Amino acid sequence: MHVLCTAGHVDHGKSTLVRALTGMEPDRYAEERRRGMTIDLGFAWTEVPGAGTVAFVDVPGHERFVATMLAGAGPVPAALFVVAADEGWMPQSGEHADALAAAGVTDGLLVVTRSDLLDPELALDDARAALAARGLGGWPSVAVSARTGAGLDALRGALAALTARLPAPDPDGPVRLWVDRAFTVRGAGTVVTGTLRSGTVRPGDTLELDGDTGRAPVTVRGVQELGEPVDAAAAVARVALNLRGVPRDRVDRGDALLGPGAWPVTGEADVALHGVGGPVPLASSPVGLTLHVGSAAVPVRVRPLGPGPAGGDPVVRLTPARPLPLRIGDRAVLRDPGAGRIVAGVTVLDPAPPPLRRRGAARRRADELAGVGAVPDADAELARRGTVRADDLVRWGVPAAEVTALAARVPGAAGRLLHPATAASSAAALAAAVAAHDAEDPLDPGLPLAAARRAAGLPDAALVEAVLSAVGGAGLVLRDGRVRAAADTGPPAALLDAAARVRADLDGAPFAAPGAARLAELGLGPRELAVLDRAGELLRVAPEVVLGPDAPERAVAALDGLDGAFTVSAAREVLGSSRRVVVPLLELLARRGLTVRMPDGTHRLR
C-alpha cells in the first residue's frame, strides 16, 4: 500500500478529485458535504494499475484548518498538490506548499483541476514556479477534470510512477503510529487510525501510548487495513487499531503508538531550522510557536544556539510543552499560529542534548552541531558524546547492525560504549587522581571504585575496568575493589618495620598481644593497624588487639591438646594469654569455622 495526502487552496477540488479517483466519499461529516468544504481529515483508497493500493488522506484547504492539514500531511511521504485551472495559485496554496516543504514532503504530483473550465497552462506555469521557489520544483504535473473524467487515466499513470520512486518502507522497524483520529465503536471500545510509516502491528501486540500524560502500555485487540480485519499491518499502511481497555478520553489526535522501549522520550531537542523560500524569520517571533510533528501540534519554546555551518540555517534548542518521541533525522514544522505562517522546517539533530550551563555554551553547542547531519551515524554520535548507551543509539535512529559493529571496535561495559579518545583522557585523569591521593594519604593507597569513577568522569563504575583495559593499564591496576598504582608495593617501609618489631615481640609469646603503650611507642594507631591487617603483615583480632598473621593456625594447634569442649579460662591457660586477647580470638576462630560455640558457652574444635 502507498499513502499520499492532498494539499492546496480551499475549494480547488481536492475532495472532488479523490472522489473521482476512488469512488469513495472522503468527507465524513454531513456539514462538510452541505457546505462543500472539508473541515477535517478524510480518507479514501483505490487500486491503481502499476501501483497497487493507493490511499489518500484528504486535508482541509481553508486557512483556519492549517493545523489539521499538517496533521494529515506530517506522516505521509508524498502529496497531490491541487490547483484549480480557473483560479490558479492562491494564498492558501502558498501556505500549504510552505508546510509541505517545511515538513520534508518533497515528492509529489502537481494536479490542475477543473481543466474543463479554463485552459490549465497558465495555472500550471504559475504553480510550477511557486513550488520551485520552495524547493519543490520538478514535480510531474497533470491536468484533469473530475466532472468529465479527462486526464484521470494520465493521473493514474503518474501515480504509479510516483509510488515507484518513493523510499522503501521498513516493516521490521520500530512501530510509530501518529494518531489522527480516535473514536468509540459500540461493543469494541476505543479505535484509533493513522498512517503506519514504520514497523508491523498485529493483534495482541503491546505498544506504548505516548500522550499528554506520559507513556503507558496498551494492547492491540484488533487491526484493520482499509476497513478490513487483517492478521498484520505492515508499513506503509492506513490502519485502524482497536485498543483493549483504553478509555476514549485517554487518546486523541497527536498522540503516538510506539514499539515498547524503541523511541526516546524527548523533552528537549537540538534541531536545524530550514527556511522556506528564504531565510528563517525567527528573530521576529521567538515565542508563541507551535511544533507540528506527525499528527501532533505542541507549543514549543525556542532557544537560538547560533548559525549553522558557513552562516547557514540556524541551530536552536526546542523545548516542547510535553515530551515527544523524536529521533535523529525526524522532520517537523515550526509554525506561528498567531501570524498564520510557517516559520521554518525542522530537522532533529540531537534528541538528547546536554544541558547548557556556562556562558558561551549555546554558541559552542552550535559549532559542535555544525557537522551533524540528518542521517544517524554511530561513530559520529560516540565521538561527540564520548560515552553513550548502545540502546540509546538505536532509539535515536542508528541501525542496530551499525551499533553492534561499533561495539566490537571500541571499549565498553554495562551496555555503554566509550570512545577511545575519551578512554585515554579518563585514564590520564584517573592516574593523576590516584597519584594525588597516594601522595596525600600513603596509608590508604589507591581509590575505591566509586571514587575512581568520579575521578575519571565516567557515568558507570563498570567502565573503569574498560578504560584500564583500553589503554593498557596506564600504570594502574584494579585490585580488591580499588584502583591502585601498578608499582604499589604495599605499606610504607616505616610501617613494615614497626610490624616486624611487633612480630619479634610475639616470637616467644605468640598470644601476648602488645598493649596500647607499646603500639603507641611503635607509632601504630587504628589506621596503621588497619593497613597492616589488609596487607597481611599483622592480624587485627579486635580494634587494638593484634597478633601475628599465623595466630589462628597456632591457636588451633595449641587448643588441640585440650580434651573435648573447653572454656575461655582453659584456652587462656593453654595459650598463655589474657581474656582481652582470647575472647576476640575465639570469636575469630568461630567466624572462620575452626571452632564451634556450644549451648553451654563452652567451645570445641571442629
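Two cavities of 30 Å³ or more sit inside this structure. Keep in mind that this is a predicted model. I'll start with the cavities, then the big pocket, then helices, then backbone geometry.

The largest cavity holds about 60 Å³ of space. Its lining is made up of Leu-70, Gly-74, Ala-103, His-292, Val-293, Gly-294, Arg-331, Ala-332 and Val-333. Two elements give two or more residues to that lining: β17, residues 289-293, and β20, residues 331-336. The largest share is three residues, and β20 provides it. By class, we get five nonpolar, three polar and one charged.

Now the second largest cavity. Its volume is about 50 Å³. The lining here consists of Thr-266, Glu-268, Ala-269, Val-271, Leu-291, Leu-318, Pro-320, Leu-326, Ala-332, Val-346 and Val-348. Three elements contribute two or more residues each: β16 at 269-274, β19 at 315-320, and β21 at 341-350. The class split is nine nonpolar, one polar and one charged. Look at Ala-332. It lines the largest cavity, and it lines the second largest one as well.

Why look for such spaces with a probe? Rolling one the size of a water molecule over the atoms shows where empty space is left.

Next, the open space. The largest pocket has about 1200 Å³. Its lining counts 43 residues. Which of them lie nearest the centre? Arg-176, Arg-197, Ser-198, Gly-329 and Asp-330. At least two lining residues come from each of β1, β7 (176-185) and α9 (390-395). By class, the pocket lining has 24 nonpolar, 11 polar and eight charged residues.

On to the helices. Take α4 first, residues 91-103. It has 13 residues, and at 1.5 Å a residue they should span 18 Å. The end C-alpha atoms are 19 Å apart, which agrees. Is α4 enclosed or open to the outside? Of its 13 residues, 12 are buried, so the helix is largely enclosed by the rest of the structure. The buried set includes charged side chains: Glu-95 and Asp-98 are both in it. Also in it are Gln-92, Ser-93 and His-96. A run of alanines is buried too, among them Ala-101, Ala-102 and Ala-103. And Ala-103 is one we have met, in the lining of the largest cavity.

What do the buried residues of α4 pack against? The partners are β1, α3 (66-73), β4 (79-84), α5 (121-132), β20 and β21. Of these, β20 also gives residues to the largest cavity, while β21 gives residues to the second largest. Just after α4 comes Gly-104, with a positive phi of about 85°.

Then α6, residues 152-165. It has 14 residues. From first C-alpha to last it reaches 20 Å, close to the 20 Å expected. Its buried residues are Leu-152, Leu-155, Ala-158, Leu-159, Ala-160, Leu-162 and Thr-163.

One side chain deserves its own slide: Arg-384. You'll find it in helix α8, residues 378-385. Buried or exposed? Its relative accessibility is 18% and the cut-off for buried is under 20%, so Arg-384 counts as buried. Its side chain makes a polar contact of 3.2 Å with the side chain of Asp-350. A second polar contact, 2.7 Å, links it to the side chain of Glu-381. Set aside neighbours within four places in sequence. Arg-384 is then in contact with Leu-349, Asp-350, Arg-365, Glu-368, Leu-369 and Val-372.

Last, the backbone. Most residues other than glycine have a negative phi, and most peptide bonds are trans. There are a few departures to show you.

Start with the peptide bond between Ala-235 and Val-236. It is cis, with omega about 0°. Val-236 sits in the loop between β13 (233-234) and β14 (237-244).

Then two positive phi values at residues that are not glycine. Asp-11 has a phi of about 65°. Its place is the loop between β1 (2-7) and α1 (14-22). Leu-226 has a phi of about 55°. That residue lies in the loop between β11 (214-225) and β12 (228-229). Leu-226 is also buried, at 17% relative accessible area.

That's the tour. Questions, please.

Note on methods: Residues numbered from 1 in each chain as written. Predicted model: local features only at pLDDT ≥ 70, side-chain atom pairs only at ≥ 80, totals over all residues. Heavy atoms only, no water. Helix = DSSP H or I, 4+ residues; strand = E, 2+ residues; numbered from the N terminus. Expected span 1.5 Å × (residues − 1). Buried < 20%, exposed > 50% of the residue type's maximum accessible area, 1.4 Å probe, protein only. 1 Å grid on protein atoms, 1.4 Å probe; cavity = no way out; pocket = protein on both sides within 12 Å on 5 of 7 lines; lining within 4 Å. Points joined across faces, edges and corners; volume = space filled by probe spheres on them. Polar contact = N/O pair within 3.5 Å; in protein donor to acceptor, adjacent residues only side chain to side chain. Contact = heavy atoms within 4.5 Å.
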